[in-house]
Amino acid sequence: MFIVHSASKLVDSFAIHLLTVARLLTVTLLSARLLAHHRSLLGFVCLPSLSPQIPESPFTSPDDQTTESLRPAHVRFFTTPNTSLFLLFSTNLLITHSSSSFSPCSLRNSSGLHTSCRPLKAMAAQEAQFSTSASASGDRQALISLSDKNNLAFLGNGLQSLGYKIVSTGGTASALESAGVSVTKVEELTCFPEMLDGRVKTLHPNIHGGILARRDQKHHMEALSNHGIGIFDVVVVNLYPFYDKVTSTGGIEFEDGIENIDIGGPAMIRAAAKNHKDVLVVVDSEDYPTLLEYLKVDKDDQQFRRKLAWKAFQHVASYDSAVSEWLWRQTSEDKFPPSLTVPLSLKSPLRYGENPHQKAAFYVDKSLSEVNAGGIATAIQHHGKEMSYNNYLDADAAWNCVSEFRSPTCVVVKHTNPCGVASRDDILEAYRLAVKADPVSAFGGIVAFNIEVDEALAKEIREFRSPTDGETRMFYEIVVAPKYSKKGLEILCGKSKTLRILEASKNEKGKLSLRQVGGGWLAQDSDDLTPQDIQFNVVSKKSPQESELSDAEFAWLCVKHVKSNAIVLAKNNCMLGMGSGQPNRRESLRIALKKAGEEVKGASLASDAFFPFAWKDAVEEACESGVSVIAEPGGSIRDGDAIDCCNKYGVSLVFTNMRHFRH
């Protein structure tokens, strides 16, 4: 039995020797034929990797190592552009078809053996200048990897018609093939399959080398040649929809959020953008037509390339800021992270800034916290001239103010200050009263409503005459409301060609408020407090009646939207007068009293901050004017004087313990 087994092993060994010799002869003959037909050939040597694991041969049993000693120390293969590659690989003949040059890489045979393929030497004198890029063989390569496949077929067919070879990944490759576009899959270049659930696809020298190599650097091109790496002329990539996923209704689990963070995409975009002198990088489907037109002309426009590169870096920066914002929210309850990036997207250039000599533009905040959070920035403009810098400021002030009222309310704003506010069940009456509070200021101002503008209200806005003379039709820059009826919108559009008509959604509470100062930014919570959130504590002998307290709450809600120092007088849920922006509170009071006139008798007064003095100052003047109740934060070292003064005049005094400065 031993003799039989030994004889069997000898027969197996002899057969394997014959097979090896036959295959070597085959490669030699093929190589000779290739040498006869091609002047430039590149040789490679394949050596078994230094792995302790010796794979089983299909010709031996697991305990038989005879064939290992008979395995050739090395085998040689040859490749040329636009030819098939024949590689004798251990006991397997591997044939790789490629329309361009072969990229050497780590391969595994069917038995599991790794080999590393490295350049051996140039086969001709001209090989020193030989480039293994697709361009060298007359082809140009474009790398496409998209999550958002909008207009992909248009792009793929356009590039293919221009002679570009398309290299692509996973779903993008499948979509291109479905559109009739010839595709080379990335794994054919990397010689490595997609792995780790898609986390690793393009992170490979055969990809990034082809993107990052500088065409004007000889040693870069020689390195590509030595390693058999082709160049990419165009890179089109967009990223996993992280932004949409984490802002979707119902949110997203933490692990799902992590899996939607793109790694390979940003790496390719940044690489191509860095090497934009040689590589065109596109991240926006809107740029596909421009890209194709540029490629048709085949000109070298570095400004165009730089613009695409800027857009690419900005795209990645915005993406990273979303990831950073989301991850901080998953990590900490602190609203103020150590570092903060605010992604802004240009909505429109503006004619000018606050003044004609100042250039300006309007940007939308793309922070995750602003998604579906309302505000003027996301308002729909139905009609009128383009918005100006000051229009946005005034519309924002009017909308923020009117949105805080629960009852049907109209607010009129001029230079960001509410000059007229009224709440009524009848919105037509509320509109008339709001204008009446200061008709001179209301002319040319912004009018805002917190309910739908229907046909009746639209007619009233269109036809209402100024209370000052009863003849002049009121003119407004902007009307803003949460919605409009079809007929109401039609009527308003007929009022003026220039009237800007905005439809806005209410600001969500809890936003981060940012304000710029020279060289920095101030960040704070938004001032979201309403009368329902605080206590109005009576500190005087006289308590206000229910209607007086209601007016005090109304005035207090108005005064938080008036520039400091701020005073508001109100009665029957209607602003009678306001004083704003004065260096001292006494002057603001006098302005408010002047506007209110005789109606001040029995009115409620609200102050955005405490009164530092009472006697022969603002508190006493207010009491002498006939107000019935004063609402202020309190907190002055002279609060006792204010209480004594109100007690003397029989005026109710309530402390809110809440200040409302607005600078």
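In this predicted model, six strands form an open sheet in the order β14-β19-β18-β17-β15-β16, and their pairing is mixed. The edges of the sheet are strands β14 (380-383) and β16 (417-423), each of which pairs on one side only. On average, neighbouring strands of the sheet are turned by 20° against each other, direction ignored. At one edge, β15 (residues 409-414) runs antiparallel to β16, and 6 bridges join the two strands. Within this pair, Lys-414 stands opposite Asn-417 in β16.

Helix α17 (residues 486-493) lies across three strands of the sheet, namely β14, β18 (476-481) and β19 (500-503), and runs at about 155° to β19. The buried residues of this helix are Gly-488, Leu-489, Ile-491 and Leu-492. Seen down the axis of α17, these residues fall within an arc of 165°, so they line one face of the helix. An α-helix has 3.6 residues a turn, so residues three or four places apart point the same way. The cover over the buried residues of α17 includes strands β14, β18 and β19, together with helix α16 (455-463).

A further packing arrangement involves two helices. Helix α3 (residues 152-161) packs against helix α11 (residues 288-297) at an angle of about 5°, and their axes are 10 Å apart. Because angles under 35 degrees count as roughly parallel, α3 is described as roughly parallel to α11. Helix α3 contributes Phe-154, Leu-155, Gly-158 and Leu-159 to the contact, whereas α11 contributes Tyr-288, Pro-289, Leu-291, Leu-292 and Leu-295. Classified by residue type, the contact of α3 with α11 comprises 8 nonpolar residues, 1 polar residue and no charged residues.

Key: Residues are numbered from 1 along each chain as its sequence is written. This is a predicted model: local features need pLDDT of at least 70, side-chain atom pairs count only at pLDDT 80 or more; totals for chains, interfaces and linings use all residues. Side-chain values use heavy atoms; hydrogens and water are left out. Two strands pair if DSSP finds at least two bridges between them. Helices (H or I, at least four residues) and strands (E, at least two) are DSSP runs, numbered from the N terminus. Axes are lines fitted to C-alpha atoms, for helices over the stretch in contact, and angles run from 0 to 180 degrees between N-to-C directions. Contact means heavy atoms within 4.5 Å. Buried means under 20% relative accessible area, exposed over 50%, partly exposed in between (1.4 Å probe, protein chains only). The arc is that of the directions from the helix axis to the C-beta atoms. Angles under 35 degrees count as roughly parallel, over 145 as roughly antiparallel, 65 to 115 as roughly perpendicular and the rest as oblique. Ala, Val, Leu, Ile, Met, Phe, Trp, Tyr, Cys and Pro count as nonpolar, Asp, Glu, Lys and Arg as charged, and the others, Gly among them, as polar.
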